[in-house]
Amino acid sequence: MTPDEGSVEIVVCLGSSCFARGNSENLAILNQHMQSHELNATVRLVGKLCQDQCKLGPNLAIGGELYHNVTAARLRELLQQLQVRSGEKHGTP
Ligand code: FES
């Protein structure tokens, strides 16, 4: 499965380990971020079941790149980088 052209796919592991370790909060952050930045047309949020990498979790992938131990702070950094890559204007408050 490939994301639509011009869009970014964010895959969140919703297995019980990742969910309990932080992806519950990460999912809420992602939903809030997408709404506040009106990213529903350019970001596809996908949930997956356990990927057998529980010890490294919480895990999620952005644009096919897998990230481990994603804390809320790390996720916010990744989302900022994603905004820059997707061409959102610099200097926008
Ligand atoms: S619960 Fe996420 S890898 Fe197992």
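Two strands are taken to pair if DSSP finds at least two bridges between them, and in this predicted model one such bridge has cysteine 13 facing its partner lysine 48 in S2. That bridge serves here as the way into the sheet and the helix packed across it.

**Overall layout**

The chain contains two helices and four strands, and, read from the N terminus, these elements follow one another in the order β-α-β-β-β-α. Of the 93 residues in the chain, 20% are buried. Among the contacts between residues at least 6 apart in sequence, 70% join residues that are at least 24 apart.

**The sheet**

The four strands form an open sheet in the order S2-S1-S3-S4, and the pairing within this sheet is mixed. Its edges are strand S2 (43-48) and strand S4 (65-67), each of which pairs on one side only, while the twist from one strand to the next averages 20°. Strand S1 (8-13) stands between S2 and S3 in the sheet order. With S2 it pairs in the parallel sense over six bridges, whereas S1 and S3 run antiparallel and are joined by three bridges.

Individual residue pairs illustrate both kinds of pairing, and the table lists them by position.

| Residue | Partner and its strand |
|---|---|
| valine 11 | valine 46 in S2 |
| valine 12 | leucine 60 in S3 |
| cysteine 13 | lysine 48 in S2 |

Valine 11 and cysteine 13 thus have their listed partners, valine 46 and lysine 48, in S2, and valine 12 stands opposite leucine 60 in S3.

**The helix across the sheet**

Helix H1 (residues 16-36) lies across S1, S2 and strand S3 (60-62), and the direction in which this helix runs is at about 150° to S1. Together with the two parallel strands S1 and S2, helix H1 makes a right-handed β-α-β unit.

**The segment before S1**

Glycine 6 is placed in the segment that precedes strand S1 (8-13). Is this residue buried or exposed? Glycine 6 is exposed, because 9 other C-beta atoms lie within 10 Å and a residue counts as exposed if that number is 12 or fewer. Although glycine 6 and valine 43 are 37 residues apart along the chain, their C-alpha atoms are separated by 9.0 Å. Valine 43 belongs to S2 (43-48), one of the edge strands, and S2 is also the strand that holds lysine 48, the bridge partner of cysteine 13.

Technical notes. Residues are numbered from 1 along each chain as its sequence is written. This is a predicted model: local features need pLDDT of at least 70, side-chain atom pairs count only at pLDDT 80 or more; totals for chains, interfaces and linings use all residues. Two residues are in contact if their C-beta atoms, placed from the backbone, lie within 7 Å. Axes are lines fitted to C-alpha atoms, for helices over the stretch in contact, and angles run from 0 to 180 degrees between N-to-C directions. A crossover is right-handed if, with the strands pointing away from the viewer, the path from the first strand over the helix to the second runs clockwise.
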